[in-house]
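The following account leads the reader through a molecular structure, one chain at a time. Please keep the sequence and the coordinates at hand while reading.

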Amino acid sequence: MLEIKNLHASINGKEILKGLNLSVQPGEIHAIMGPNGSGKSTLSSVITGNPAFEVTQGSIIFEGKDLQEMAPEERANEGIFLSFQYPVEIPGVSMVNFMRTAINEQRKYRELPPISATDFLRIMREKKALVEMDNKLTNRSVNEGFSGGEKKRNEIFQMAMLEPKLAILDETDSGLDIDALRIVANGVNKLKSPENATIVITHYQRLLEYIIPDYVHVLYDGKIVKSGGKDLAMELEARGYDWIKQEVAV
Amino acid sequence: MSDTIIHEVTQSEYKYGFTTDIETEVIPVGLNENVVRIISAKKNEPEWMLDFRLKAYRHWLTMKIPTWAHLKIPEIDYQSISYFAAPRKNAPQSLDEVDPELLATFNKLGIPLEEQKALSGIAVDAVMDSVSVKTTFKETLAEMGIIFCSFSEAVEHHPDLVKKYMGTVVPHTDNFYAALNSAVFSDGSFVYIPKGVRCPMELSTYFRINAVNTGQFERTLIVAEEDSYVSYLEGCTAPQRDENQLHAAIVEIVAMKNADVKYSTVQNWYPGDKEGKGGIYNFVTKRGICKGENSHISWTQVETGSAITWKYPSCILQGDNSSAEFYSVAVTNHHQQADTGTKMIHLGKNTSSHILSKGISAGVSQNSYRGLVRVGANAENARNFSQCDSLLLGDKCGAHTFPYMEVNNESAIVEHEATTSKISEDQIFYCNQRGISTEDAVGLIVNGYAKEVVDKLPMEFAVEAQKLLQITLEGSVG
C-alpha cells in the first residue's frame with residue numbers, strides 16, 4: 001500500500017529525513033517511535049504533502065501512485081488522512097459545513113454525486129457516537145475554542161467521516177487524559193479493517209497499550225534504525241532511547 | 001493617465017467588442033448651468049426641481065475634491081464627462097456579443113439567463129416575465145399605500161413628498177460628490193411606507209430588474225412613517241457592465257417614530273483588470289436619520305467591486321431610544337482601493353449603535369476602515385460598540401483602520417475593538433489535507449470570517465454574496 005524508499009527531506013535547507021525506508025501493507029498498524037527531533041512529524045508532513053517540506057531524494061509510492069506528483073488535496077482524496085498533532089482553528093466555519101465540503105470534495109474526486117442531506121446527517125450521527133463527541137462541538141467552528149482533548153477527538157471524528165485507506169496519527173495521545181485516550185483509541189480500533197492501514201506516531205508507549213501495533217519502528221536522526229514487534233515498544237518504555245543511540249553510534 | 005481612462009470610458013465604443021448602431025441622445029461633454037438646465041428639461045422636471053439642481057451646481061463650483069481618504073485617485077476632468085447619455089448606447093444584441101469572462105462569472109453565480117441579458121445591457125424583450133411580475137408587485141404594494149417607483153416618477157407624481165424630504169438628510173452642500181449628484185442626478189428609486197404599514201416583501205426583485213442603467217448619478221430616497229417597516233436591497237451580485245467610470249450616488253433614509261428600515265447592499269461594479277486598468281470610481285454618500293423615538297436603521301453592505309470605493313453609510317440618531325447598525329464586508333483584490341466605514345451621530349437620549357466592519361485585502365490592494373462615533377452633549381446614556389477586523393491575504397496588500405471618537409457627554413459608553421489576521425499556511429494545509437483545494441479553502445475561510453455580516457443579509461442575497469466573496473478572491477493565494 002505504502003512504499004517509502006531512501007527518503008530524504010528538508011525544511012528551510014536543513015535535512016531532517018536522511019534515507020528513510022518504510023513499507024506498509026493493508027490491515028497493518030505501524031507504530032513509529034523515537035526521541036524528540038528525530039523526524040517523526042516530518043515524516044507525516046512529507047507523506048501528506050505539506051509544502052513547507054522539500055523532498056530532495058527518494059520516493060513515496062501509495063497504491064502504485066507517486067505521491068510526489070500529487071497535490072496535498074489529491075493525496076487526501078486518494079485516501080490518506082493525517083490526524084494533526086496541532087489541529088488548526090478556522091473561525092466562522094462550522095464543523096458541519098467543513099465536513100460536508102470535505103466529503104463532497106472526496107466524492108467529486110471519485111466521480112460520485114454530492115452526498116444527500118439525510119445521508120450526511122445520518123453518518124454524522126453514527127460517527128459522533130463512535131468517538132463520543134458532543135453535539136455542541138459539531139455545531140461550533142472548526143476547532144475554535146476546543147480543549148486539547150476535544151481537538152484530538154475531533155481529528156478522529158473526521159477520520160471516521162472520511163474513512164481513509166491510510167491514517168497517520170501524529171502524536172494523537174499528547175495532551176489526552178486517560179479517558180480521552182481510551183475513547184480515541186477505541187475509535188481507531190473500531191475503524192480498523194483488513195483494507196486500511198494505520199501509522200501511529202508517538203513518543204510514549206502508553207497509546208500502544210490501547211492500539212496494538214503489528215510493527216514498531218524506531219526513528220532516529222532521520223532514519224529508521226530498528227524495527228520489531230509490539231515488544232519493542234515495551235522495551236523502549238523500560239530502557240529509554242539511549243541504548244538505541246549507542247547501537248547506532250557503533 | 002486619468003485622461004486616458006476618462007477618454008476610454010466616455011469615448012469608447014468598443015469595450016466589449018460590439019458596434020454602435022442605435023440612435024443615441026447624448027449632450028456634449030462638460031458641465032455648466034446650461035447642461036443642468038438641459039438635463040432637467042429632458043426629464044420634464046418642474047421648476048422647483050430645476051432650482052434645486054441649479055443651487056447644487058452653483059455650490060459645487062465653490063467646493064474642492066476631498067483628499068482626506070486613504071486613496072490614490074487619479075485626477076478626474078469633470079469637463080470631459082457627458083452628464084446625460086441615453087443609457088444603452090452600446091447595447092449588445094445578444095449574449096454572444098458579451099464578454100465571455102463576464103458570462104462565466106454569471107454562470108458561477110447562477111444568475112438566470114433573462115437576468116444575465118439585462119445585466120449585460122442587452123435590450124430585453126418587453127414581454128419577458130419580469131414585466132408582469134413587476135406589475136403584480138406594484139399592485140400589491142399600491143393597495144397598502146406603499147409607493148415604490150423611480151425617482152423621476154416620484155418627482156412627477158409625488159412632488160410634495162419629494163420636496164419635503166429630498167436633501168434633508170444629505171444636503172446639497174454636504175460634500176463635493178453630493179453636490180455634483182444633486183446637480184446632475186440621473187434617476188434612482190423612491191420608497192414611501194405609510195404609517196403602520198409593514199412592507200410585505202423585500203424591495204429587491206423589482207429593483208434588480210429595474211435598476212439596470214439608472215446611470216452614474218443615482219439618487220435614492222426612503223421615507224418610513226411611524227410604526228412602519230421596510231427592507232430594501234440595492235444592487236446585484238453580478239458584475240455589472242457599465243460605460244461610466246465615475247459613480248456618485250446619494251441615498252437618504254428617514255425613519256419616523258418606531259419605524260424600522262433595513263438597507264442591504266451588494267456592490268460589485270467592475271473593479272478594473274488585474275493590472276489595475278479601468279474600473280469604476282464609486283463615491284457614494286449614504287445617510288439615514290432616526291428621526292423619531294425608538295426608530296431603527298441598519299446598513300448591511302458587502303463591497304467587492306469598484307476600482308475605488310469612497311463610502312460611509314451613516315446614521316443620525318436623533319430620536320430618543322433610537323438605534324442603528326452598520327455591518328460591512330469590504331473586499332479588495334489586485335489594485336482595488338477602498339476607504340469605507342460609517343458615522344454614528346448620537347443626538348437623542350438612550351441611543352445605541354453597533355458597528356461591525358470586516359475588511360479583506362488581497363493582491364496589492366489597499367483597504368481602509370474609517371469610522372466616526374460622535375456623542376452630542378445632550379445624548380444621555382449613548383452606547384456604541386465598534387468592532388473592526390482586517391484579514392490579509394498575501395504580504396503586498398494593506399489594511400488600515402481609522403476610528404474617530406468625539407464624546408461630549410460623560411454618560412456615554414463607547415467601545416472599540418480591532419483585530420488583524422492573516423490566512424495562515426497552516427489553515428490552508430489543514431483544509432488541503434481534508435481534500436479541499438487551496439482555492440476552495442480560501443473561499444471557506446473568507447466566508448467563515450465574513451459570516452457574521454453575511455448572515456445579516458436577506459437569504460436570497462446571502463447565498464450569492466458567499467459565492468461572490470469566493471470568486472472575487474480567486475487566484476489570490478498560492
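The text below treats a sheet of chain A, then the contact between the chains, and then the interior of chain B.

The model is a predicted one. In chain A, 6 strands make up an open sheet with the order β6-β9-β10-β3-β11-β12, and the pairing within this sheet is mixed. The edges are occupied by β6 (80-83) and β12 (223-228) of chain A; each has a single partner strand, so one side of each lacks a neighbour in the sheet. On average, neighbouring strands of this sheet are turned by 20° against each other, direction ignored.

Strand β10 of chain A, which spans residues 197-202, has a partner on either side in the strand order β6-β9-β10-β3-β11-β12. Strand β9 (residues 166-170) of chain A pairs with β10(A) in the parallel sense, over 5 bridges. Within this pairing, A:L166 has A:A197 as its bridge partner, and A:L169 has A:V200. Strand β3 (residues 29-33) of chain A also pairs with β10(A) in the parallel sense, again over 5 bridges. Here A:I32 is found opposite A:I201.

Is β10(A) enclosed by the rest of the structure or left open, and why? Of its 6 residues, 6 are buried, so the strand is largely enclosed by the rest of the structure. In a regular strand, side chains alternate between the two faces of the sheet. In β10(A), A:A197, A:I199 and A:I201 point one way, while A:T198, A:V200 and A:T202 point the other way, and all are buried.

Helices accompany this sheet. Helix α7 (residues 178-191) of chain A combines with β9(A) and β10(A) in a right-handed β-α-β unit. Helix α6 (residues 148-162) of chain A lies across β6 and β9 of chain A and runs at about 165° to β6(A). Helix α8 (residues 230-239) of chain A lies across β3, β11 (215-220) and β12 of chain A, running at about 45° to β11(A).

One loop residue of chain A can be followed in the same region of the sequence as β3(A). A:G27 lies in the loop between β2 (14-24) and β3 of chain A. With 14 C-beta neighbours inside 10 Å, A:G27 falls below the 20 required for a buried residue and above the limit of 12 for an exposed one, and therefore counts as partly exposed. Apart from neighbours within four places in sequence, A:G27 is in contact with A:P194 and A:A197, the latter being a residue of β10(A). A:G27 and A:D214 are 187 residues apart in sequence, yet the C-alpha to C-alpha separation is 9.4 Å.

The two chains also touch. In this contact, 15 residues of chain B meet 20 residues of chain A. On the chain B side, the elements that give two or more residues are α11 (425-433) and α12 (438-454) of chain B. The most comes from α11(B), with 6 residues. By class, this side of chain B has 6 nonpolar, 6 polar and 3 charged residues.

Chain B has 478 residues, of which 52% count as buried, and its secondary structure comes to 13 helices and 18 strands. Among the contacts in chain B with a separation of 6 or more, 85% are between residues 24 or more positions apart.

The largest nonpolar core has 177 residues, and those with the most contacts inside it are B:V191, B:A224, B:I253 and B:A255. Its largest share, 9 residues, is given by α12(B). Leaving aside neighbours within four places in sequence, B:I253 is in contact with B:V169, B:I222, B:V261, B:Y263, B:G288, B:I289 and B:I297.

Strand β3(B) is mostly covered, with 7 of its 7 residues buried. On one side these are B:E218, B:T220, B:I222 and B:A224, and on the other B:R219, B:L221 and B:V223. Strand β2 (residues 187-193) of chain B runs parallel to β3(B) and is joined to it by 7 bridges; B:Y192 has B:V223 as its bridge partner. β3(B) and β6(B) also run parallel, joined by 6 bridges, and B:L221 has B:E252 in β6(B) as its bridge partner.

Helix α9 (residues 176-184) of chain B has 8 of its 9 residues buried, so this helix is largely enclosed by the rest of the structure. The buried residues of α9(B) pack against α2 (33-42), α3 (47-61), β3 (218-224), β6 (250-255) and β8 (281-290) of chain B.

Definitions and conventions. Residues are numbered from 1 along each chain as its sequence is written. Chains are lettered from A and ligands numbered from 1 in the order in which they are written. This is a predicted model: local features need pLDDT of at least 70, side-chain atom pairs count only at pLDDT 80 or more; totals for chains, interfaces and linings use all residues. Helices (H or I, at least four residues) and strands (E, at least two) are DSSP runs, numbered from the N terminus. Two strands pair if DSSP finds at least two bridges between them. A crossover is right-handed if, with the strands pointing away from the viewer, the path from the first strand over the helix to the second runs clockwise. Two residues are in contact if their C-beta atoms, placed from the backbone, lie within 7 Å. Ala, Val, Leu, Ile, Met, Phe, Trp, Tyr, Cys and Pro count as nonpolar, Asp, Glu, Lys and Arg as charged, and the others, Gly among them, as polar. A nonpolar core is a set of buried Ala, Val, Leu, Ile, Met, Phe, Trp, Tyr and Cys residues joined through C-beta atoms within 7 Å. Axes are lines fitted to C-alpha atoms, for helices over the stretch in contact, and angles run from 0 to 180 degrees between N-to-C directions.
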